[in-house]
Amino acid sequence: MPGFLWDCWPCLEIRAVLCAMGCIQSIGGKARVFREGITVIDVKASIDPIPTSIDESSSVVLRYRTPHFRASAQVVMPPIPKKETWIVGWIQACSHMEFYNQYGEQGMSSWELPDLQEGKIEAISDSDGVNYPWYGNTTETCTIVGPTKRDSRFIISMNDNFYPSVTWAVPVSESNVAKLTNIYRDQSFITWLVATNTSTNDMIVLQTLHWRMQLSIDVNPHRPLGQRARLREPIAQDQPKILSKNEPIPPSALVKPNANDAQVLMWRPKYGQPLVVIPPKHR
């Protein structure tokens, strides 16, 4: 398990990429010291300043790829006198989702998170689905196993983007005729930098980030393949916000299911009853 500076050092490469991108929100400057003497030296967050790309190479689906959200943090863990383990890493949750694919006058398909949409939970875990509650377990976390005799310095990083496929044809139709006219997506996320003592389950929130991804794509299904889709505003995404005051993590952001397992694809026709196209993986 990683324990010292060199154990998490590959994350430096990602931080270097961030520094070269521009448009970075940062709280570099005065280091902040938290409980247990954990020090956050620097936090950076950005969304790549490039537009969403659209791929019409398939006759079955339209694909698009959004720019990446990226975050990195430099953390110092003081010596650990006891035989205990700390994990420092990123936890992310989705707090809002609108994701509609319009098919002219016939209706729309919609990816939905029912519990979030109905207000039953504040946010839903965006974990990788394996390493709850963490977003991932490579560059996204660093594990320090005590006892240690000196400071452990490390950089942890994460990135996220969307790369879905949307059918040209109505998803509940046997026809393969293109009917797609618009894609609209608006999602908000809360991302926390967290330190956890696995022995005591003590959890310390070190930093809170807010970010949002928005897109709208107009589609003319009557045009030739490769000439159908056009990206609308916003072309550039708003940059993430690094909060000056941390927010608590809601319990639903720490447990199953994650957003991918909880989402359901609905068909909502202009006339008639909605249909479940793809049920949630987690029931």
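These are my notebook entries on the pockets, ring pairs and side-chain contacts I looked up in this structure, which is a predicted model.

**Entry 1: the largest pocket**

I began with the pockets. The largest one has a volume of about 470 Å³. I listed 23 lining residues for this pocket, and those closest to its centre are Asp126, Arg185, Ala259, Asn260 and Gln263.

Which elements supply the lining? I found that β7 (85-103), β13 (182-197) and α3 (259-262) each give at least two residues to the lining of the largest pocket. Strand β13 has the largest share, with three residues. Sorted by class, the lining holds 12 nonpolar, six polar and five charged residues.

**Entry 2: the second largest pocket**

I then moved to the second largest pocket, with a volume of about 210 Å³. Its lining has 12 residues, and Asp115, Ile121, Ile124, Pro257 and Ala262 are nearest the centre. By class I noted seven nonpolar, two polar and three charged residues here.

**Entry 3: aromatic rings**

How many aromatic pairs does a search of the whole structure find? I got five. I took up Phe69 and Trp211 next: their ring centres are 4.3 Å apart and their planes are at 0°, so I wrote this pair down as stacked. The pair joins distant parts of the chain, as Phe69 is in strand β6 (residues 69-77) and Trp211 is in strand β14 (residues 202-219), 142 residues apart.

Are these two rings buried or exposed? Phe69 has a relative accessible area of 0%, so it counts as buried. Trp211 is at 4%, and since buried means under 20%, Trp211 is buried as well.

Trp211 turned up again in a stacked pair with Phe189, at 4.5 Å centre to centre and 15° between the planes. This pair also links distant parts of the chain, with Phe189 in strand β13 and Trp211 in strand β14, 22 residues apart. Phe189 is buried, like Trp211.

Following the ring pairs onward, I arrived at a cluster made of Phe69, Phe162, Phe189 and Trp211.

**Entry 4: charges over rings**

I also looked for arginines over ring faces. Arg185 is over the face of Phe99, 4.1 Å from the ring centre. I had already met Arg185 among the residues closest to the centre of the largest pocket. Arg228 lies over the face of Trp168, at 4.6 Å from the ring centre.

**Entry 5: polar contacts of Gln92**

My next stop was Gln92, which is in strand β7. Gln92 has a relative accessible area of 0%, so I marked it as buried.

What does the side chain of Gln92 touch through polar contacts? I found a contact of 2.7 Å to the side chain of Thr191, and another of 3.1 Å to the side chain of Trp211. That brought me back to Trp211, which also stacks with Phe69 and with Phe189.

**Entry 6: Asp48 and Arg70**

Where is Asp48 placed? I located Asp48 in the loop between β3 (39-47) and β4 (53-55). Its relative accessibility is 6%, so Asp48 counts as buried although it is in a loop. I then checked for a polar partner: the side chains of Asp48 and Arg70 are joined by a polar contact of 2.9 Å.

**Entry 7: to look at again**

I would open the view at Trp211, a member of the ring cluster and a polar contact partner of Gln92. After that I would turn to Arg185, which lies over Phe99 and is listed with the residues closest to the centre of the largest pocket.

Notes:
Residues are numbered from 1 along each chain as its sequence is written. This is a predicted model: local features need pLDDT of at least 70, side-chain atom pairs count only at pLDDT 80 or more; totals for chains, interfaces and linings use all residues. Side-chain values use heavy atoms; hydrogens and water are left out. On a 1 Å grid over the protein atoms alone, a cavity is a set of points where a 1.4 Å probe fits but cannot get out, and a pocket is an open set with protein on both sides within 12 Å along at least five of seven lines; lining residues have an atom within 4 Å of a point. Grid points are joined across faces, edges and corners, and a volume is the space filled by probe spheres set on the points. Helices (H or I, at least four residues) and strands (E, at least two) are DSSP runs, numbered from the N terminus. Ala, Val, Leu, Ile, Met, Phe, Trp, Tyr, Cys and Pro count as nonpolar, Asp, Glu, Lys and Arg as charged, and the others, Gly among them, as polar. Rings of Phe, Tyr and Trp (its six-membered ring) pair if their centres lie within 6.5 Å; planes under 30 degrees apart count as stacked, over 60 as edge-to-face and the rest as tilted. Buried means under 20% relative accessible area, exposed over 50%, partly exposed in between (1.4 Å probe, protein chains only). A charge sits over a ring if NZ of Lys or CZ of Arg is within 6 Å of the ring centre and within 35 degrees of the ring normal. A polar contact is a pair of N or O atoms within 3.5 Å; within protein, one must be able to donate a hydrogen and the other to accept it, and residues adjacent in sequence count only if both atoms are side-chain atoms.
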